[in-house]
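Me: I am new to this protein and would like a close look at its strands. Please take me through how they pair, and then through the loops around them.

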Amino acid sequence: MTTKWDGAPAIIAGRDPETGKFFVGTKGVFATRKPKINFTEKDIDENHPAEGLRDKLKLALRTLSKLNWNTVAQGDMLFSKEDLQKTNIDGEEVLLFKPNTIVYAVPTNSDLAKEIASADIGIVWHTEYVGGPTLADTRAKFGFNADVLGNSKSVWHRDAIIKNLSGIVTFTKEESIDVLNAINSATAYMKSIDSSTFNWLEQGNELIGKDFLQQLKA
């Protein structure tokens, strides 16, 4: 399972399987006719006229190259140092960044905030591209483990895989009772529904209507 992070822009980076050189780019790197693969800042100037995207790609080229690349990965950029702001929420000072539509807030007195504040770029990886011999020939492989990239002080990065925290993060006694009561209540309710209800539902879209069944599933 993975978490959907709300970053922008989408950054694709790694070793070009054809040349072995490090590159950064957007999804344009996979174009078969004229791929927009950026090995240098000059390439970025030529391939990406939009100033905002151009600046972020140049930052990605400078910083992400410091990681240990033997593959190609895609991630969502969360922040550059210029994007970070400090403010107060409910009386607590937090570090804010808004890469797309969602605002992320991290308490400034936390270790996480210190890591973010010291980095030049933040990115969450979610997809690896494997195969070749060219980028256009690679295939997407979801659930990328970012540990293989190592670390750099200028890069705050994670992957989107949900970590197994069983034994570390646990319910309180009261929370456990609430959840078990909810499960028991739902089980008892299900047993009280007679078979004719399920028979009616099994008639399908033509008799009941597609919109109703979609809402029911939701």
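Reply: Here is a walk along the strands, followed by a few spots in the loops.

This is a predicted model, in which local features need a pLDDT of at least 70, side-chain atom pairs count only at pLDDT 80 or more, and totals for chains, interfaces and linings use all residues. Residues are numbered from 1 along each chain as its sequence is written, and side-chain values use heavy atoms, with hydrogens and water left out.

A word on confidence comes before the tour. The mean pLDDT of the chain (the predictor's confidence in each residue, from 0 to 100) is 92, and 100% of the residues score at least 70. Among the elements (DSSP runs numbered from the N terminus, with at least four residues of H or I for a helix and at least two of E for a strand), strand S2, residues 22–25, has the highest mean pLDDT, 98. Helix H6, residues 205–208, has the lowest, at 74.

Let us begin with the open sheet. It has 3 strands in the order S4-S5-S6, paired antiparallel; two strands pair if DSSP finds at least two bridges between them. Strand S4 (85–89) and strand S6 (104–107) are the edges: each has a single partner strand, so one side of each is left without a neighbour in the sheet. From one strand to the next, the twist averages 40°, an angle between the N-to-C directions of lines fitted to C-alpha atoms, on a scale from 0 to 180 degrees.

Now look at S5 and S6 together. Strand S5, residues 92–97, is joined to S6 by 4 bridges in the antiparallel sense, and Val94 stands opposite Pro107 in S6. The two strands make a hairpin, with 6 residues between them. The side chains of S6 alternate: Tyr104 and Val106 point to one face and are buried, whereas Ala105 and Pro107 point to the other face and are not. Here buried means a relative accessible area under 20%, exposed means over 50%, and partly exposed lies in between (1.4 Å probe, protein chains only).

The loop between S4 and S5 holds Asp90. Phi of Asp90 is near 55°, a positive value in a residue other than glycine. Most residues other than glycine have a negative phi, and most peptide bonds are trans. Asp90 is also exposed, with a relative accessible area of 82%.

Next, move to the start of the chain. A cis peptide bond, with omega about 0°, joins Ala8 and Pro9, and Pro9 sits in the segment before strand S1 (10–15). S1 runs antiparallel to S2, with 4 bridges joining them; Arg15 is opposite Phe22 in S2. These two strands also form a hairpin with 6 residues between them, and Gly20 in the turn has a positive phi of about 80°. In S2, Phe22 and Val24 point one way, Phe23 and Gly25 point the other way, and all are buried.

S1 has another antiparallel partner, S3, reached over 5 bridges. Ala10, for instance, has Asp76 as its bridge partner in S3. Strand S3 covers residues 72–80, and 9 of its 9 residues are buried, so S3 is largely enclosed by the rest of the structure. S3 is joined in turn to S7 by 8 bridges, again in the antiparallel sense. One of the residues involved is Val72, whose bridge partner in S7 is Tyr129. Taken step by step, then, the path through the bridges runs from S2 to S1, from S1 to S3 and from S3 to S7.

Beyond S7 there is a second cis bond to find. The peptide bond from Gly132 to Pro133 is cis, with omega near 10°, and Pro133 lies in the loop between strand S7 (121–130) and strand S8 (139–142).

Finally, turn to Pro35, in the loop between S2 and helix H1 (41–47). With 36% relative accessibility, Pro35 counts as partly exposed. Its C-alpha atom is 8.3 Å from that of Ala136, although the two residues are 101 apart along the chain.
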